[in-house]
Structure formats: structure tokens, C-alpha cells
Amino acid sequence: MPEQVYKFLKSNTVGIIGVPFSGGQPRQGVEEGPLRLVEFGLIDQLKSMDWAVEFEGHRDYVSLRPAHDPDSGKLKRPRYVSAVTKVVAEQVEAQARRGNMVLTLGGDHSIAIGTVAGIFTTYPEACLIWIDAHADINTPKTTTSGNIHGCPVSFLLGIAGKVPEFEWVPHCLRPDRIVYIGLRDVDEGEKRILRENGIKAFSMSHVDRYGIGQVVEMALDHVNPKRDRPIHLSFDVDALDPSVAPSTGTPVRGGLTFREGHYICEAMSETGLLVGVDIMEVNPALEDEVSVYQTVTIGCSLARCSLGETLL
């Protein structure tokens, strides 16, 4: 058994869901992220930590791509993203209902529509810790790019408005059940949404001012004050500084250090409340071989820390 005891899990099993999908944004290569994480030995690493691993291989999500997928307003590839995230939601829910830890490997961050929906359907009282350089809370009206990986939170909150392709998405997330850490590239429309909905967000300025330890405690105090709610951790590797994790689609300077990123995962594990973890936006196609190796190995180590690996 893993040394860390997880309150809401029924077993020492982690269900890994690899989602090789890039349809929520325009850069090719991010679909290779899950494949590389597994190729780099993540499954054996978790087994060495005494986790039992359920992994059925990477599903062929390309088969879900419709022949005709015109824009829905500004949104690009809405039918494709909807079809994939709906399947992901079903996969995550199935693992969660068996009492397993759910580890989802992306792929672009639009996948979180599915992961969060699956976790919150199983654990309605859960809270969401979102680690990212970006807020990903644009609505179909505020988005300037139309890329859905910048919009998942708005769909989950139910503030995206009526989008027929995404009517299946449950409005499972409340503004007081999400907290951000690491923000530093937030659109003006997103800033307004955060303010109007009273959503707690810790930018890199807060990390600079208070230190990562206090930021994590303040984040947990906000969404999980009694430390009794299940936690879903959604970690976009672009939250890390590009010098730490360069092989990602939307890098922004001034991010989390190697240790700050890993501390967040360690601290979430130490709560014993984690039920789901996303590792998103590793893109092995964007950089040189050394940078890819650096980013993929960090993706693996973030996953391990979330599942109980410690320095001592």
C-alpha cells in the first residue's frame, strides 16, 4: 500500500486514463504527451510506490472526430471536443466510482471538461485546485482565439451560455469550490469573470509575496476549510516557468519553479483528500530532445508527488 492514506479511496489502485488529444487548441504534438509519459516509465514508477495500476492503453480518440465540424460562434472544433470530453467524463467517473485514484494524462486542457465532470459527478462535494499560467475561464463570447482549451472552467461553472454541442456538460462546479495557483497570463474578460464570480485566484505575485507554502494553505482554506472535501488537482505544466518545463504549447515566463510546482503536488497528497489528478499540456513536438526529456520527466515526477512520493 502507498504510505499516504487517502480518505476517499477504496483501494490502493490508480486508474490511468491517457487522452492523446489536441483538438482544443491549434498546435499539433500535445496529443503525444500521454504516450511519452507512459513510455518514460510512469506506470512502473507508480507500481514501485506500491500502487496497483489500471491502464487499458490509449484510446483512439481520433475516431470520434466528425467529418463536418464547423465553428460554433467563435468556438473551434466544438463537436470533436465535446465528443472526446464526454467519453473522458465517462471514463473518469467509472474509475472514481470504483474508489480508485484517477490520473488523467493529457493532451490539451480542454480535457478537463471531462475530468472535472467525471470527478464531481462521483464526488459532488469535491473542490478543484487549478494550477496554470492561464485561467481557462473564457466564455464563448469572451474568447478571442476560439480555442476551447481556454474555456473549460466556464462550461463547468455553467456560465458559458447555451452551446448546443456542450449541453451534456453538468454545471457541477461552484465559484467557491475552485481556486487557482500560478496565474500570470489572464485575459481582460477572464479577469472580469473572476471578479464578478468571486473566484479565488493566486497569481505569481501572490507566490512571490507569501511563498508557495502559505499560498497553498490559503488556497485550501478557501475551498476546503475543514479539510473534509475530496480534492481534484488539475495541473497544466505551463504553470511552471519555461526554463523548467519548456515543451508546452503556451509558455509564459515568470512561472513556478521546479520545487514550487512539486511542493503543490506534495501538499495535495499530504491532505489525504485527493481523488483525481490531471497532468496536462505536455507537448513533445515543440522543443529539442533535451527540453522534451526535461518536460516529460517533470510530468512524471509531478504525478508521482501527487500520489505520495516524498523527498525523505
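User: In this predicted model, how does H8 pass H9, in a left-handed or a right-handed crossing?

Analyst: H8 passes H9 in a right-handed crossing. The word applies because the near helix is turned clockwise from the far one.

User: What makes H8 oblique to H9?

Analyst: Helix H8 covers residues 212–223 and helix H9 residues 258–270. They pack at an angle of about 40°, with their axes 10 Å apart. Angles under 35 degrees count as roughly parallel, and 65 to 115 as roughly perpendicular. The angle fits neither class, so H8 is oblique to H9.

User: Which residues of H8 and H9 meet?

Analyst: From H8 come Ile212, Gly213, Val216 and Leu220. From H9 come Glu260, Tyr263, Ile264, Ala267 and Met268. These residues divide into 7 nonpolar, 1 polar and 1 charged. Gly213 is polar because Gly is placed in that class, and Glu260 is charged because Glu is.

User: Which residues does UniProt list for "binding site", and how do you know that they cluster in space?

Analyst: The unreviewed UniProt entry lists His109, Asp132, His134, Asp136, Asp236 and Asp238. They are spread over 130 residues of sequence, yet the largest C-alpha distance is 12.2 Å. The lining of the largest pocket includes His109, Asp132, His134, Asp136, Asp236 and Asp238.

User: What is the phi of Asp136, and where is Asp136 found?

Analyst: Asp136 has a positive phi of about 50°, though it is not a glycine. Most residues other than glycine have a negative phi. Asp136 lies in the loop between strand E4 (127–131) and helix H5 (152–157).

User: Which peptide bond is cis, with omega near 20°?

Analyst: The bond from Gly106 to Gly107. Gly107 is in the loop between E3 and H4, and His109 has its place in that loop too.

How values were computed:
Residues numbered from 1 in each chain as written. Predicted model: local features only at pLDDT ≥ 70, side-chain atom pairs only at ≥ 80, totals over all residues. Heavy atoms only, no water. Axes fitted to C-alpha atoms, helices over the stretch in contact; angles between N-to-C directions. Helix = DSSP H or I, 4+ residues; strand = E, 2+ residues; numbered from the N terminus. Parallel < 35°, antiparallel > 145°, perpendicular 65-115°, else oblique. Contact = heavy atoms within 4.5 Å. UniProt positions renumbered as here; feature names shortened; annotations may be inferred. 1 Å grid on protein atoms, 1.4 Å probe; cavity = no way out; pocket = protein on both sides within 12 Å on 5 of 7 lines; lining within 4 Å.
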